[in-house]
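This report is written for a reader who has not met this structure before. Please look over the sequence and the model first.

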Amino acid sequence: MDFRVWAPSARRVVLHSGTNAIPMVADGQWWTAQDPGAGHGTDYGFALDEEPERPDPRSRWQPDGVHGRSRVYDHDRYAWGDGAWTGRQLAGSVIYELHVGTFTPSGTFDGAIERLPYLRELGVDLVELLPVNTFNGEHNWGYDGVGWHAVQESYGGPDGLKRFVDAAHRAGIGVLIDAVYNHFGPSGAYTPQFGPYLSAGANTWGRSLNLDEADSGEVRRFIIDSALQWLRDYHCDGLRLDAVHALVDRGATHLLEQLSVEVDALSTALGRPLTLIAESDLNDAKLITAREAGGYGLHAQWDDDVHHALHAMLTGERQGYYGDFGSQECFKTVWEQAFFHAGTWSSFRRRVHGRPIDRARIPGYRFVVCLQNHDQIGNRAVGDRLTATLSVGLLRVGATLLLTSPFTPMLFMGEEFGARTPWQFFTSHPEPDLAAAVGKGRREEFAEHGWSSEDVPDPQDPETFTRSHLDWAAQDRDLLDLYRRLITLRRQHEGLSDPRLDQVHVIHDDGVLLIRRGDRTVVANLTADPRTIPLNADCFLLTTDEAAVLQSDSLTLPAESAAIL
């Protein structure tokens with residue numbers, strides 16, 4: 001078997017394969033060696049110069065964790081059963097975001113497979129898995145990953161992910177992978193020891209990736225090859241790219257554009273749609289503008305302005321970045337124009353932010369929106385969901401607005417049945433100093449926002465992880481039924497899924513929202529009192545409160561309720 005590793009500055013590299021120590025031969029900046037006796041299941045590592053043996057930066061399998069030896073993994077050994085799968089396009093889809101480690105009691109891919117019939121019945125088209133590449137410890141959100149080509153062993157390893165994707169496809173559900181390419185985690189990040197993977201700059205989470213400095217070509221290749229393997233070797237249907245605003249690239253062709261080109265080529269070869277979704281706080285549609293028009297050609301981006309508008313309007317919260325949001329006029333702006341900050345003043349940033357989109361040309365489905373997600377729950381001090389804040393009536397109103405929007409709706413696991421379990425920030429770093437530093441940093445971060453240290457759960461406490469598991473036995477069946485009905489109506493009525501933003505018209509008055517969606521109308525009463533709205537409509541498609549009354553020229557909505565007509 002052939003082994004290769006990129007180590008441009010090394011003077012000597014030794015392959016440790018099984019019990020063999022084999023000097024490698026320089027081939028330009030790469031080093032090569034052969035071990036005829038190695039194959040699937042062989043443990044190996046590389047030693048540079050006089051340094052200790054380290055895992056392969058491109059390791060596909062880390063059965064003993066990020067500090068252990070790599071293990072050879074042969075993709076061809078898995079027998080796929082999804083030959084009839086033709087893919088799932090983003091347009092018209094509903095996404096379900098889940099964390100493998102807390103979605104089920106077992107916290108594994110196999111445990112998640114058992115819930116696929118439930119997701120299919122709910123009406124989910126695409127499941128988005130929080131990062132599943134290898135990270136330090138047994139449980140973690142996944143955003144501190146260090147092995148970008150390997151699958152977390154505690155979830156089930158590479159075979160486990162393949163079993164999940166295979167089963168999802170046979171259930172008619174596509175799979176998206178949340179991929180983090182803007183930083184390495186704080187422990188087990190041996191890859192930068194092999195070459196100039198990092199730049200001199202830094203971002204919120206650590207050193208930035210070297211995307212445009214000397215020897216950056218192989219770093220870019222390292223990232224793109226990681227992205228392509230999830231789509232090709234694991235049969236996934238797309239990627240959610242974490243915090244792309246932290247990818248600093250001053251080259252003529254931005255990494256995201258290069259990735260878009262190569263993913264399109266792979267999609268053509270595979271004969272199924274592949275989707276790239278960016279998380280970005282830039283409010284810049286250049287990411288999702290076609291390459292022919294000078295954009296990067298990604299397929300969609302997260303739109304936090306929609307979340308902030310909904311959250312602040314429903315909860316009344318105005319702290320931090322919610323400060324500019326919450327009014328009904330803000331809701332109108334984001335529903336019709338996708339971004340609230342579009343070349344306008346952001347008080348949180350204390351500067352002008354974003355730029356407008358051309359709503360006649362850019363369809364709403366290119367914006368992934370939500371009521372709740374891992375960030376907006378988990379980055380609250382106690383990880384509380386909307387069920388801890390909103391009445392049942394407003395939870396129903398929020399669901400109705402989300403699932404009748406012109407955007408691509410995304411649910412966070414358990415939202416649909418009113419889960420009350422928190423989703424907190426948890427880690428399992430085995431290094432005492434790192435564990436203490438993470439906990440200290442978390443407490444200091446929230447102290448700045450007025451929370452006492454006693455309010456902030458210790459990320460390293462096993463109970464923090466345990467509390468964050470979904471309680472499948474505690475379900476609001478009525479709310480779950482509403483989500484199912486809303487997703488069904490979205491499919492049955494073109495007016496409720498039409499992505500044309502220039503066909504969305506919002507009127508608001510005294511706590512009432514009226515949203516025209518083609519031949520359909522959505523009305524929401526956000527107040528604590530009944531409201532009568534002058535309106536001509538034939539019949540209800542859905543009401544969140546049975547006390548709603550439709551007459552020939554008016555609609556009377558109970559407090560905190562919504563209707564679709």
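The sections below go through two sheets, two helices and two loop residues.

## The model

This is a predicted model. The values quoted here are computed from it.

## The barrel

Eight strands close into a barrel, and their pairing is parallel. Their order is 8-9-12-15-16-17-20-21. On average, neighbouring strands of this sheet are turned by 30° against each other, with direction ignored.

One pair in the barrel can be followed in more detail. Strand 16 pairs with strand 17 (residues 300-302) in the parallel sense, over two bridges. I277 has A300 in strand 17 as its bridge partner.

## Helix 6

Helix 6 covers residues 255-270, which makes 16 residues. From its first C-alpha to its last it reaches 22 Å, close to the 22 Å expected at 1.5 Å a residue. The buried residues of this helix are L255, L256, L259, S260, V263, L266 and S267. They lie on the same side of helix 6, because they cover an arc of only 130° around the axis. T268 and A269, on the other side of helix 6, are exposed.

What lies over the buried residues of helix 6? The cover includes helix 5 (216-232), strand 15 (238-241) and strand 16 (275-278). Strands 15 and 16 also appear in the strand order of the barrel. After helix 6 comes G271, which has a positive phi, near 75°.

## E336 in helix 8

Helix 8 spans residues 328-337, and E336 is part of it. Is E336 buried or exposed? E336 counts as buried because its relative accessibility is 9%, and the cut-off for buried is under 20%.

The side chain of E336 makes a polar contact with the side chain of K332, at 2.9 Å. With neighbours within four places in sequence left aside, E336 is in contact with R359, L501, V504, H505 and V506.

## The open sheet

A further sheet is open and consists of three strands in the order 25-28-27, with antiparallel pairing. Strand 25 (531-534) and strand 27 (549-550) stand at its edges. Each of these has a single partner strand, so one side of each is left without a neighbour in the sheet.

Strand 27 is joined to strand 28 (residues 554-557) by two bridges, and these strands run antiparallel. Within this part of the sheet, L550 stands opposite L555 in strand 28.

## Two loop residues with positive phi

R350 is not a glycine, yet its phi is positive, at about 60°. R350 sits in the loop between strand 18 (344-346) and strand 19 (351-353). With 69% relative accessibility, R350 counts as exposed, since the cut-off for exposed is over 50%.

E560 is also a residue other than glycine with a positive phi, here near 50°. The loop that holds E560 runs between strand 28 and strand 29 (561-564). How exposed is E560? E560 is partly exposed, because its relative accessible area is 25%, which falls between the cut-offs of 20% for buried and 50% for exposed.

Key
Residues are numbered from 1 along each chain as its sequence is written. This is a predicted model: local features need pLDDT of at least 70, side-chain atom pairs count only at pLDDT 80 or more; totals for chains, interfaces and linings use all residues. Side-chain values use heavy atoms; hydrogens and water are left out. Helices (H or I, at least four residues) and strands (E, at least two) are DSSP runs, numbered from the N terminus. Buried means under 20% relative accessible area, exposed over 50%, partly exposed in between (1.4 Å probe, protein chains only). A polar contact is a pair of N or O atoms within 3.5 Å; within protein, one must be able to donate a hydrogen and the other to accept it, and residues adjacent in sequence count only if both atoms are side-chain atoms. Contact means heavy atoms within 4.5 Å. The expected span of a helix is 1.5 Å times one less than its number of residues. The arc is that of the directions from the helix axis to the C-beta atoms. Two strands pair if DSSP finds at least two bridges between them. Axes are lines fitted to C-alpha atoms, for helices over the stretch in contact, and angles run from 0 to 180 degrees between N-to-C directions.
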